[in-house]
Amino acid sequence: MPTPSDTEPRGYSTENLTVLKSARLSVAPMMDWTDRHCRYLHRLLSRQTLLYTEMVTAPALVRGGAMHLLDYSAQEHPVALQLGGSDPQELAQAARLGADAGYDEVNLNCGCPSDRVQSGTFGAVLMKDPARVAECVAAMREAVDVDVTVKCRIGVDEQTPDEVLPAFLEQIRDAGCERVTIHARKAWLQGLSPKENRDIPPLDYDLVHRMKTAFPDLHISINGGITSLEQARSHLEAGLDGVMIGRAAYHQPTDILAAADPVIFGGGQATDPIEVVQKMVPYVEAHLAAGGRLHQITRHMLGLFAGRPGARAWRRALSEGAVHQGAGPEVMMQALEHVAPLAEV
């Protein structure tokens, strides 16, 4: 691992500094959505945005030996592995497996409110046990050289966010966490579904911004309800270090990611989604040759042309054609005929 120079933030190697810069904008880890095919597509849209895996549970890797959950394409870098768990040593082992697989960051999930996650004593329920989270972070930091980060809520259930969030951040910072992403909503562990937990609890962006003032040494990203690059840029200009976007990046990937490099990172050109579809062809061919199905990839491409003429016809042609036995890249190219070139829009 290269030695950090005097001009780099303390504790950051050259590789980690690349991830730090990419964390200015990231795509949230989303179960059943941000799989390796989704991430490959997103990387074609933006060269710099930090991408996250779906949550992978530490027990699945350490006890279950499900190493296929770590599969990814080299082109996805910078890419982070999100882990779920609550046992420090098991998380340390899982983090080591992720680092050995080449992931640029390992993130601990302290924000998911689903019943399945709660039953495993991890996710948002960990907001109630910051000391355990600190133990987990310390063990993971000891095990790997890559960044160990945390994604959390502002609180859960009857907690008072103004009180619990600073205490939580202080403990994980003291354990060695230098980057945290804060979903600016409370999570209700009983009474609300995971979907409702993404919409019903009110957003408190001001609290997240106050945390940056209170913890200037922490790299803080904000998450929750952000639907445009303009909103993202406003949070960055107000002093936050990064912005994480979830559903909008998935459902309108071109709106969020195609212009991210010039708008958020200050370099490069906006990406044409038509060219992205064309670049997906070799990837699709390789997936099919390995025994995969077309719809496993194209389900992530339905929103590429959201808001443009022909978007509905594109979605219909792709969703109907991709499920047929033997469907190949020609389905994508035929669907593309419904979409007007960017210059004509």
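**Group meeting: salt bridges, core and a helix pair**

Okay, let's start with a charged pair: Arg132 makes a salt bridge to Asp129, and the closest N and O atoms are 3.5 Å apart. Keep in mind that this is a predicted model. How accessible are the two partners? Arg132 is partly exposed, at 32% relative accessible area, and Asp129 is partly exposed too, at 31%.

Arg132 also turns up in a helix contact. It belongs to the helix 6 side of that contact, together with Glu135, Cys136, Ala139, Met140 and Ala143. Facing them from helix 4 are Pro88, Gln89, Leu91, Ala92, Ala95 and Arg96. If you sort that contact by class, you get 8 nonpolar, 1 polar and 3 charged residues.

Now the geometry, for those who like numbers. Helix 4 covers residues 88–100 and helix 6 covers 130–143. Their axes sit 8 Å apart, at an angle of about 35°, and the crossing is right-handed.

Back to charges. How many salt bridges does a search of the whole structure find? The count is 11. One I'd like to show you is Arg179 with Asp147, at 3.1 Å from N to O. Arg179 is in strand 6, residues 179–183, and Asp147 is in strand 5, residues 147–153, so this pair ties together parts that lie 32 residues apart in sequence. Are these two buried or exposed? Both Arg179 and Asp147 are buried. And there's a third member here, since a salt-bridge network links Glu105 with Asp147 and Arg179.

Another pair is Arg173 with Asp217, where the closest N and O atoms are 3.8 Å apart. This one also links distant parts of the chain, 44 residues apart: Arg173 is in helix 7 (residues 161–174), while Asp217 is in the loop between helix 9 (205–214) and strand 7 (219–223). Arg173 counts as partly exposed, with 25% relative accessibility.

Last topic, the nonpolar side. The largest nonpolar core has 104 residues. Helix 14, residues 273–289, supplies the largest share of this core, 7 residues. Which residues have the most contacts inside the core? They are Leu83, Val150, Leu169, Met301 and Trp314.

Let me zoom in on Val150. Leaving out neighbours within four places in sequence, its contacts include Leu108, Cys110, Val137, Phe168, Ile172 and Val180. Arg179 is on Val150's contact list as well, and that's the arginine from the buried pair with Asp147. So if you have the structure open, Val150 is a handy place to look at both topics, the core and the arginine beside it.

Notes
Residues numbered from 1 in each chain as written. Predicted model: local features only at pLDDT ≥ 70, side-chain atom pairs only at ≥ 80, totals over all residues. Heavy atoms only, no water. Core = buried A, V, L, I, M, F, W, Y, C linked by side-chain atoms within 4.5 Å. Buried < 20%, exposed > 50% of the residue type's maximum accessible area, 1.4 Å probe, protein only. Helix = DSSP H or I, 4+ residues; strand = E, 2+ residues; numbered from the N terminus. Contact = heavy atoms within 4.5 Å. Axes fitted to C-alpha atoms, helices over the stretch in contact; angles between N-to-C directions. Left-handed = near helix turned anticlockwise from the far one by under 90°. Nonpolar A, V, L, I, M, F, W, Y, C, P; charged D, E, K, R; others polar. Salt bridge = Lys/Arg side-chain N within 4 Å of Asp/Glu carboxyl O.
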